[in-house]
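The following exercises concern one protein chain with a ligand. Please work through each task before reading its solution.

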Amino acid sequence: NPTVAIVGRPNVGKSTIFNRIAGERISIVEDTPGVTRDRIYAHSEWLGHPFNLIDTGGIDLGDEPFLEEIRSQAEIAIDEADVIVFIVSVKEGVSDADEAVAKILYTAKKPVILAVNKVDNPELRQEIYDFYSLGLGDPYPISGSHGLGTGDLLDAVIAEFPDNEEVVDDPAIRFSLIGRPNVGKSSMVNAILGENRVIVSDIAGTTRDAIDSRFQVDDDEFVMVDTAGIRKKGKVYENTEKYSVIRALKAIDNSDVVLVVLNAEEGIREQDKRVAGYAHEAGRGIIIVVNKWDTLKKDNHTLKDFENTIRSEFAYLSYAPIVFVSAKTKQRLEQLPALIKRVNTNHSRRVQSSALNDVVMDAIAINPTPSENGKRLRVYYATQVSTEPPTFVIFVNDPDLMHFSYARFLENQIRAAFDFEGTPVHLIERRRK
Ligand code: GDP
């Protein structure tokens, strides 16, 4: 999906407009441990065009001086976005800071839409003409607080989206490496690309070559997503936590399978959980990769102990396989492609309704459905409604009677019958009269 970035100096109303556009579609839901609701990145949609939205004003760049900070934010927007929405304020008119931002945006070969915020009443509309002086074309009057003008603005934004890029049916398995700085992602990227046959020419004419890396193992093609971002070691790359989160979210969006990379030397940190939580929420296939395995003095408990720690710290990722590797010594790296392929297969697995219903009915026979106030849960029928991740609808007499623990039991029975290793599965209860 295309990415839209919001830029502008402080107090022009960036986050108000972000929330208007994002609506309820904030990317992160709160019930995964370690994940807090994020206000700088969201999935949104306008007239059937989905896009990702970034509020660069929310990116915490540390203690940079004011002008430096808005400059960095504009640069991030230029790097990350397909379309940039530059917000100014009719209340303050054209400021020096606006001009500084405009100057940076000229250098971008990206479309920029100029939005003049705080046009809360019709009289103020005359004043938007001053903003032609920024040299960025027609200014769009909006009012974030009143919710005015955002429709026209979004029309202009989606008109600039790249034409439906290569919707070529690409058989490659897309995966990404995510994890906090220094866990060894770029070392792994280099080691994996060093070990496998890299395919240099991507699908003809796409611009993705520069960002992603394509390689082949036996007969399977893989695309490692956003390798450029991982390898690039600039000032803003990974040095600020929120920015690395945006990169991770984008990479997750573009992947079938996500490798959550941990550092054996440092153990598990809060940030690791957040990163893993995003991938889980997004419903991607997940593999937990413990890197720097060479650094530990090991006895015959070390691996099992580490595994137990991961299982208790990442309880919601119980489906994810764990691999212990070293980018340095290359230990077990050669196992990754086959594992990624397997998880990808499971992530897109579709099971037959008859087999599924056998499993569900057997499950109910082993462990009777719960009841409440004399009313027992009845399960009529289950069907798989989609893949990636596998999603099942279970028709019942009353969804409120489906307790969390019983849903978990059914999920485990389904997992025991079919191979869903590495993929979340979603169960949805529906009432059938
Ligand atoms: P990134 O920030 O996640 O991309 O991490 P890097 O790949 O830049 O690695 C951070 C540091 O860890 C570098 O000094 C690497 O040489 C080192 N490193 C990476 N992988 C390994 C490993 O498997 N073993 C050891 N001993 N060091 C590693």
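**Exercise 1.** How many bridges join strand E17 (residues 391-396) to E18, and do the two run parallel or antiparallel?

*Solution.* The coordinates are a predicted model, in which local features need pLDDT of at least 70, side-chain atom pairs count only at pLDDT 80 or more, and totals for chains, interfaces and linings use all residues. Residues are numbered from 1 along each chain as its sequence is written.
Step 1: strands are DSSP runs (E, at least two residues), as helices are (H or I, at least four), both numbered from the N terminus.
Step 2: two strands pair if DSSP finds at least two bridges between them; E17 and E18 are joined by six, and they run parallel.
Step 3: one of the partnerships sets Thr391 against His426 in E18.

**Exercise 2.** Determine the strand order of the sheet that holds E17, and identify its edges.

*Solution.*
Step 1: the sheet is open, has three strands in the order E16-E17-E18, and shows mixed pairing.
Step 2: E16 (379-386) and E18 (426-431) each have a single partner strand, so each is an edge strand with one side lacking a neighbour in the sheet.
Step 3: from one strand to the next, the twist averages 25 degrees (axes are lines fitted to C-alpha atoms, for helices over the stretch in contact, and angles run from 0 to 180 degrees between N-to-C directions).

**Exercise 3.** Describe the pairing of strand E10 (residues 220-224) with E7 and with E9.

*Solution.*
Step 1: strand E7 (residues 173-178) runs parallel to E10, with three bridges, and Arg174 stands opposite Val223.
Step 2: strand E9 (residues 213-217) runs antiparallel to E10, with five bridges, and Gln216 stands opposite Glu221.
Step 3: two residues lie between the strands of the E9 and E10 hairpin, where Asp218 takes a positive phi near 50 degrees.

**Exercise 4.** Locate the largest nonpolar core relative to the domains.

*Solution.*
Step 1: such a core is a set of buried Ala, Val, Leu, Ile, Met, Phe, Trp, Tyr and Cys residues joined through C-beta atoms within 7 Å; buried means that 20 or more other C-beta atoms, placed from the backbone, lie within 10 Å of the residue's own.
Step 2: the largest core has 93 residues, and Phe86 and Val260 have the most contacts inside it.
Step 3: helix H7 (residues 241-253) gives the largest share, seven residues.
Step 4: domain 1 (3-159) and domain 2 (173-347) both contribute residues, so the core lies between them; the domain bounds come from an automatic or database assignment.

Definitions and conventions: A residue is buried if 20 or more other C-beta atoms lie within 10 Å of its own, exposed if 12 or fewer, and partly exposed in between; C-beta atoms are placed from the backbone.
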